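Here's a small set of exercises to work through with the model open in your viewer. Try each task before reading its solution.

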Amino acid sequence: MSEQPAGRSPAVEYRIEDLAHLSGATVRTIRAYQDRGLLPRPERRGRSNVYGEAHLARLRQIADLLDRGYTLASIKELLEAWDTGRGLGGVLGLVAEVAGPWTDEQADRVTRAQLNAAFGGTPDERAVEEAVELGVLERVPGRDDEFLVPSPQELAVAVELYAAGVPLLAVAGHLRELRAQVEHIASRFLEFTTEHVFARYLGHRPPTDADAAGAAVLVRRLRPLARQAVDAELARAMRILADRHLRRHLSPGAPPERGEEPRAVVLPAATVRAVHALVGTENASAFIAAAAEREVGARTLDALTAQAREGSAGAPEA
């Protein structure tokens, strides 16, 4: 064992089994990372391989990035930037900023007894399973009688709707529809801000440490804007549509069919971009509506023609 300079603690060394235990990775995974160039090779000491704190820190970085949805290929690119001195601190800061909470709301816990009391007093296992599948409730390991509530506000809305007479499965169905539409809005906001704001920071891969840090600052500044814009537009739409809806129902005669109300339809982002490029943003809605009406009309004509042909084929000859 070599002597250590005075005042310095000896470097920590690990066998691969120890490294696997501390990092949570398997021995096979560690060797695979080495083969792919994600993890530096260990030092050779006689007949043994020796790993150090740098290997453990790198494994924890990889695990954190994987948890955030990054692929091994993109992680390798980031780590290579770090190893060549281009910096990774800003990139990891940007990753943490984007992956952080986008609301000030705090998660809570609720017992099964409290759930039953909030929803009529009768256990409804199907409704609980729906809530877990939607992420409104999360199971607590080892506690069958308790759930984590990521958004207490969302659960409170469900409680109020149920109290107003809306069946639980209808609440779940509405949430699924609402979630798809909100995810479309979020996707469009991200595309918009990326095109007009973040492109200058993220135009090259990986971004420099300074560019990534600048983008993280902008994320903090822009984080509340999406919610503020949606809140304002939802308030405007509710004021207009709720008043219109009420006047229709208070007018003499039967209330209108649901089909008369405008309905939102989620389209693939690539389709929306293609329409914008073709007719411009201001004409996109009219173009899509006209295209859909033309398709429906064409299919109606085809169906009528087919019916006429079948009728003439089956008619007896004079």
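What follows is a run of tasks on a predicted model, each with a worked solution.

**Exercise 1. Getting your bearings**

Task: Work out how many helices and strands the chain has, and what share of its residues is buried.

Solution: Start with the secondary structure, which comes to 12 helices and 5 strands. Next, look at burial: of the 318 residues in the chain, 23% are buried. Finally, check the contacts with a sequence separation of 6 or more; residues 24 or more positions apart account for 58% of them.

**Exercise 2. α1 against α3**

Task: Decide how helix α1 and helix α3 are oriented as they pack, and say which residues meet.

Solution: The general recipe is to describe two packed helices by the angle between their axes and the distance between those axes. Here α1 covers residues 16–23 and α3 covers residues 53–67. Their axes are 10 Å apart, at an angle of about 40 degrees. Roughly parallel would need an angle under 35 degrees, so α1 is oblique to α3. The crossing is right-handed. On the α1 side you'll find Leu19, Leu22 and Ser23, and they meet His55, Leu56, Leu59 and Arg60 of α3. Sorted by class, this contact of α1 with α3 has 4 nonpolar, 2 polar and 1 charged residues.

**Exercise 3. α8 against α9, and the ion pair between them**

Task: Classify the packing of α8 and α9, then find the salt bridge that glutamate 154 makes.

Solution: Take the geometry to begin with: the axes of α8 and α9 lie 10 Å apart and make an angle of about 135 degrees. Roughly antiparallel takes an angle over 145 degrees, so this pair is oblique. The crossing of α8 and α9 is right-handed. For the interface, Glu154, Ala158, Leu161 and Tyr162 in α8 meet Leu168, Val171, Leu175 and Arg179 in α9. By class, the contact of α8 with α9 holds 6 nonpolar, no polar and 2 charged residues.

Now for the ion pair. Glutamate 154 forms a salt bridge with arginine 179, with 4.0 Å between the closest N and O atoms. Glutamate 154 sits in α8 (residues 152–163) and arginine 179 in α9 (residues 168–202), so the pair links distant parts of the chain, 25 residues apart. As for exposure, glutamate 154 is partly exposed at 28% relative accessible area, and arginine 179 also counts as partly exposed, at 28%.

**Exercise 4. α9 against α10**

Task: Repeat the analysis for α9 and α10.

Solution: The axes are 11 Å apart and the angle is about 150 degrees. That value makes α9 roughly antiparallel to α10. The crossing is right-handed. Residues of α9 at this contact include Ile185, Phe189, Val197 and Phe198, while those of α10 include Leu218, Val219, Leu222 and Leu225. The class count for α9 with α10 is 13 nonpolar, 1 polar and 2 charged residues.

**Exercise 5. More salt bridges**

Task: Find the salt-bridge partners of glutamate 191 and arginine 41, and say how exposed each pair is.

Solution: Across the whole structure, a search finds 15 salt bridges. Glutamate 191 pairs with arginine 188, the closest N and O atoms being 2.6 Å apart. Both belong to α9, and because they are 3 residues apart, about one helical turn separates them. Glutamate 191 is partly exposed at 22%, and arginine 188 is partly exposed at 27%. Elsewhere, salt bridges with shared partners join Arg109, Arg143, Asp145 and Glu146 into one network. Arginine 41 meets aspartate 35 in a salt bridge of 3.4 Å, N to O. Arginine 41 and aspartate 35 are both exposed.

**Exercise 6. Two charged residues, two settings**

Task: Which of the terms buried and partly exposed fits arginine 223, and which fits glutamate 80?

Solution: Arginine 223 lies in α10 (residues 209–250). Its relative accessibility is 13%; buried means under 20%, so arginine 223 counts as buried. Leaving out neighbours within four places in sequence, arginine 223 contacts Glu97, Gly100, Pro101 and Trp102. Glutamate 80, in α4 (residues 72–83), has a relative accessible area of 39% and is partly exposed. The C-alpha atoms of glutamate 80 and glycine 37 are 9.0 Å apart, with the two positions 43 residues apart along the chain.

Definitions and conventions: Residues are numbered from 1 along each chain as its sequence is written. This is a predicted model: local features need pLDDT of at least 70, side-chain atom pairs count only at pLDDT 80 or more; totals for chains, interfaces and linings use all residues. Side-chain values use heavy atoms; hydrogens and water are left out. A salt bridge is a side-chain nitrogen of Lys or Arg within 4 Å of a carboxyl oxygen of Asp or Glu. Buried means under 20% relative accessible area, exposed over 50%, partly exposed in between (1.4 Å probe, protein chains only). Helices (H or I, at least four residues) and strands (E, at least two) are DSSP runs, numbered from the N terminus. Axes are lines fitted to C-alpha atoms, for helices over the stretch in contact, and angles run from 0 to 180 degrees between N-to-C directions. Angles under 35 degrees count as roughly parallel, over 145 as roughly antiparallel, 65 to 115 as roughly perpendicular and the rest as oblique. A crossing is left-handed if the near helix is turned anticlockwise from the far one by less than a right angle, and right-handed if clockwise. Contact means heavy atoms within 4.5 Å. Ala, Val, Leu, Ile, Met, Phe, Trp, Tyr, Cys and Pro count as nonpolar, Asp, Glu, Lys and Arg as charged, and the others, Gly among them, as polar.
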